[in-house]
Amino acid sequence: MKLRKQVTVCGGAIFCVAVFSLYLMLDRVQHDPARRQSGGNFPRSQISVLQNRIEQLEQLLEENHQIISHIKDSVMELTDTGAVSPSGHLPFRSANGSWVLPFDGRPTFLAVKPQDCQFAVGNRDQPDVQMLDVYSLLKFDNPDGGVWKQGFDITYEPNEWDNEPLQVFVVPHSHNDPGWVKTFDKYFTDQTQHILNNMVVKLAEDPRRKFIWSEISFFSKWWETADVHKQEAMRKLILGGQLEIVTGGWVMTDEANAHYFAMIDQLIEGHQWLESNLGITPRSGWAVDPFGHSATMPYLLKRANLTSMLIQRIHYSIKKHFASTRNLEFMWRQAWDMGSNTDMFCHMMPFYSYDVPHTCGPDPKICCQFDFKRLPGGRINCPWKVPPKTIVEANVAERAQLLLDQYRKKSKLYRSKVLLVPLGDDFRYDKALEWDQQYINYQKLFDYMNSHPEMHVQAQFGTLTDYFNAVYKTNGVAQGSRPAGYPVLSGDFFAYADREDHYWTGYFTSRPFYKSMDRIIESHLRGAEILYSLAVANARHAGMEGRYPVSDYSLLVDARRSVGLFQHHDAITGTAKENVVIDYGTKLLRSLIGLKRVIINAAHFLVMKNKEFYRFYQTEPFLETVMANFIYKKQTDLRICLYLVMFNPVERERLCAVTVLVNTVRVRVLTEDGQTLPVQLSAQWSSASQMSAEATFMVRLPPLALAVFHLYDSPDSPMTLRSDTLLRLSGRGVAARAVDPLPVRSQQADSQTFYISSQSLTLGFSGTTGLLESIKRKDDPQEVKVQMQFMVYGTRPSKDKSGAYLFLPDGKAKPYHQKEPPVVRVVEGPLFSEVVAHYQHFQQTIRIYNVPGVDGLSIDITTMVDIRDQTNKELAIRLVTDIQSGEVFYTDLNGFQMQPRRHYLKLPLQANFYPMPSQAYIQDGNYRLTLHTAQALGVSSLESGQLEVIMDRRLMQDDNRGLGQGLKDNKKTANRFRLLLERRSASNKMTDSATTSFPSVLSHMTNAMLNHEVLALPVLPKRRGIPPLQTFAPLKSILPCDLHLVNLRSIQSQDPQSPSPYTALILHRLALDCGFEAQNLGFNCTTTQGQLSVSALFKNLDLQLLQPMSLTLMHSGTPLANNTTITLDPMEISAFKLKLR
């Protein structure tokens, strides 16, 4: 009997990175002996059973180094009849050495309506304040401003309030970080629960007392542990207007690194919780602690029906400028808005911080005397050496006058005679004593002021919305409307500096491992939401909801909350203590495992050809995913896999190469209808010169589909071709050990440029470094210089050094240098070619796919970075091109919109870095070069034609912003990119205005493919055999290619652990720059001027409700007729409530 080789299969090639990353997460102690002594270590007793199991697994991974999903299935005997490819031809190599594939050359068309191109080039009214102009205007000097160090002297005339008294709203607040120097749970136990417990008692003592609260993650945890009387008392305070919930998100989200999918999701999670538990809708946004502010936030809040917002951490020079022009309150408008639909009323706090010394007025020495928690005898005092005094009859007149002077000075910076005075700080009001100290003393001051008409002031406690309502009322306008004379502003507020040249640009990269993990889990969350909603709707349609595991909803809720928690401004930012980071990571990992279960269970139901055969067994999953495999695996014998289900989470048809790990070279892959696919066999390298085998094949996946494929062991098939691998060695006698069927050649490296090619691209590489040198597109005679360099930043020798927040480099970057020349591996084959350069601290893989369409038009880059042996070093990758970009470059805000940037020599180097959550580009009249990224990192363009990205930072000290640690818990991290070179069409040399810019349709698609990998779900063997399966393709009609499905999210019922019959459809209409040469995208792309018929979208489902909603589903519009065609404007994000069955 002939020996059957076993085949093992794992997920899409790049998905391996996810798995690899997840186990690397757990190497925090092994590679850093110093950590073992550090006091902040995570006690072993607290590590969950799950983590222990994963740690054991780590040794296994180290030994085998195979990220393999073991597929168990019986061998299917099929004789090889030399099955032909879909087009009847075999792959062949053309005269010039490039491969020609027999893949279906279905003609595809690109039909973008001219009207859908107009938005990018249309005229827009100039706002009164454009942040790019403010940057040009300011000197960014830092003269001493007197008591207000970063400002100026404020004066006023005593009679200014005679006709209209000053209205003062003192707003008590407590800033609760859901994780920072303590974990979320520890903060809750130690402080937050006491704040909320005291609040219920203390606010009820006097109806004049007010308070605001923002973090629903904490509030919901308190609610779950509170008895019914406390819940009722809290509800009464909220409904009575004494306690206001501001923003109402799960967290106060970071605005630099967070992706708009997650920003929306955490806002929905908070708002849905408020709606079902309290029946309230937030009106005002409150963001006092994110380190810089993004223009995406006012848009999302506006779409959620909030009317006003407040921001605080903004560069001190900008605050001073806005204060001097009285522009601290403005209508924040999106730069791309053609009208004023996106205007959001915004209040900017004028001083250094949100603590009490910096909120009553310009002089912190005086304001500190009115922070009554600092009364003598307490644990904190005033650094200005003048303590507060308890207010008594003898001193109330003098104290009230002193405080009123500060109030008046602060009010001079604003346009109205209404003043906002926040009263709080981090985790304040946790003791009953502080409630009494603040409220009783302030009430005495208010009573005195209000009873002395000659003071011309009306002072009281208020909520944030009380303040905003008073502003609208004095200006005689409706809530959220623009008061007469108030400026319109466009732009954003990065980068932030709080003093001197201390720019908070380091956190754009800090802890890139977790920034990467976050995005992988977001993609899984979106995929799981979509598949779950479709599976439940299809189960209802078939009358089978009783047999479907609807209870998986609780796993979705858990994942929404873990991802939501991680958007907090000390989590995704990489600015929490090491043990807190581990806690976030553990929560995310647990969620990922849950999401994989949701995906597997949904896929199981949806791919069954005959649903009557469907049986759900909790203990016996039908499918598995790579990671689930590790968790549930019992070490059993491995047999060959029959079926592989591929999930395409993107709403477009996708023609792409998928890679699976195998332990035989006798692999054949068939489509569902029995057609053999071309397969490229190549080596899976466990080190620079050791390997096993992997199989890459090209698949065409319908949008949002679960496609069924067949893998089996077969003697040589003419459709299975081997890669050609060449090792370029520096002559130091490294010999490659290779599996016999996959030969490896080696040769002495020389300095000559060498090339790899596909049907779309030819890339040139340096013979010396093995790094990219040039790109040539097949339809372009011009070879474009795109040179890749690795650079290293140190930190300054002086007392202020880089840390988790700050980037304080010791001058310009120096080229990365190592003594040994790199080992460079060149792999060429019919489906992909790649060049891998192995350096000591990184391994750079540059791959091009020889497939038609989106996947073949950009360059796939994976950089595995490991700087754990470095001290105070930051590793950067720099692209040097001959694109004439000048000092302008473009970065995205939250993956939602592009923001033009300018490099300024008047600013220090670190000030020219910006967040890059999803892409950055440079351009001139001929070319645009876009770097798409799968994780948020810091980016800049320091010279014309350059783009530079900070990949990882290892810093040995704290940067004095309260964290008390450096960044020493680095992991081996895979940073993933796509590099896209586009040529402007002859008729269209440059359309971008100075203030807006948009990606091309190809660029949008490239980003979606990078951020939403295909998921491979192997079918597990069954004792009873596997019932017939069929591809599940949910869409009846193609979605216009400028509409992006943000989410299809099952809405909660009153029981938060189970879904209602409703689903939220969230859509984003992309804005397109059509000024580039059209490319074959590999699928049909049409646009419809933003129109979509929802009832014609899903196959086999009836649409029973179509209702427009606010973004977070709290405000509902009138239901539309089910056959209504909905319309979205370019850039618009809209939500609809659907009932599908």
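This passage describes the overall make-up, interior, empty spaces and selected residues of one protein model.

The model is predicted. The protein contains 21 helices and 49 strands. Of its 1141 residues, 66% count as buried. Contacts between residues at least 6 apart in sequence were also examined, and 76% of them join residues at least 24 apart.

The interior was considered next. The largest nonpolar core holds 263 residues. Within this core, Phe219, Phe322, Tyr407 and Phe493 touch the most other members. Helix α18, which covers residues 578-607, gives the most to the core, with 16 residues. The contacts of Phe493 were listed without its neighbours within four places in sequence. Phe322 is among them, and so are Phe330 and Trp332. Phe493 also contacts Met131, Gly292, His293, Ile311, Ile314, Ile318 and Met348.

Aromatic rings were then examined. The structure holds 62 aromatic pairs. One aromatic cluster is formed by Phe211, Phe370, Phe372, Tyr429, Trp435, Tyr439, Tyr442, Phe446 and Phe461. Rings also take part in arrangements with charged side chains. The charged end of Arg847 sits over the ring of Phe832, at 3.6 Å from the ring centre. In a second case, Lys906 places its charged end over the ring of Tyr904, and the distance to the ring centre is 4.9 Å.

Empty space is the next topic. Rolling a probe the size of a water molecule over the atoms shows where such space is left. The structure holds 19 cavities of 30 Å³ or more. The largest cavity contains about 470 Å³ of space. It is lined by 31 residues, and those closest to its centre are His259, Tyr260, Gly895, Asn1007 and His1044. Several elements give two or more residues to this lining: the helices α9 (260-277), α16 (512-541) and α21 (1001-1011), and the strands β35 (897-902) and β43 (1043-1052). Helix α21 gives the most, with five residues.

The largest pocket has a volume of about 1000 Å³. Its lining is made up of 37 residues. Arg374, Ile380, Asp425, Asp426 and Arg428 are the closest to the pocket centre. Two elements, strand β12 (418-426) and helix α14 (432-450), give two or more residues to the lining. The greatest contribution comes from α14, with three residues.

Individual positions were also examined. Thr930 is found in strand β38, which spans residues 927-933. Thr930 counts as buried because its relative accessible area is 0%, and the limit for a buried residue is under 20%. Neighbours within four places in sequence were left aside when its contacts were listed. Thr930 is then in contact with Gln919, Ala920 and Tyr921, with Arg978, Leu979, Leu980 and Glu982, and with Ser1003.

Pro376 lies in the loop between α12 (364-367) and α13 (396-411). Its relative accessibility is 61%, so Pro376 counts as exposed, a class that begins over 50%. Pro376 touches Pro387 and Pro388, not counting residues up to four places away in sequence. Pro376 and Pro388 are twelve residues apart in sequence. In space, their C-alpha atoms are 7.4 Å apart.

Backbone geometry completes the description. Most residues other than glycine have a negative phi, and most peptide bonds are trans. Some positions depart from these patterns. A cis peptide bond joins Phe494 and Ala495, with omega at about 0°. Ala495 is part of the loop between β14 (488-490) and α16. Asn960 has a positive phi, near 60°, and is not a glycine. This residue is found in the loop between β40 (946-954) and β41 (973-983). Met1131 also has a positive phi, of about 80°, although it is not a glycine. Met1131 is in the loop between β48 (1125-1127) and β49 (1133-1140). Because its relative accessibility is 3%, Met1131 counts as buried.

Notes
Residues are numbered from 1 along each chain as its sequence is written. This is a predicted model: local features need pLDDT of at least 70, side-chain atom pairs count only at pLDDT 80 or more; totals for chains, interfaces and linings use all residues. Side-chain values use heavy atoms; hydrogens and water are left out. Helices (H or I, at least four residues) and strands (E, at least two) are DSSP runs, numbered from the N terminus. Buried means under 20% relative accessible area, exposed over 50%, partly exposed in between (1.4 Å probe, protein chains only). Contact means heavy atoms within 4.5 Å. Rings of Phe, Tyr and Trp (its six-membered ring) pair if their centres lie within 6.5 Å; planes under 30 degrees apart count as stacked, over 60 as edge-to-face and the rest as tilted. A charge sits over a ring if NZ of Lys or CZ of Arg is within 6 Å of the ring centre and within 35 degrees of the ring normal. A nonpolar core is a set of buried Ala, Val, Leu, Ile, Met, Phe, Trp, Tyr and Cys residues joined through side-chain atoms within 4.5 Å. On a 1 Å grid over the protein atoms alone, a cavity is a set of points where a 1.4 Å probe fits but cannot get out, and a pocket is an open set with protein on both sides within 12 Å along at least five of seven lines; lining residues have an atom within 4 Å of a point. Grid points are joined across faces, edges and corners, and a volume is the space filled by probe spheres set on the points.
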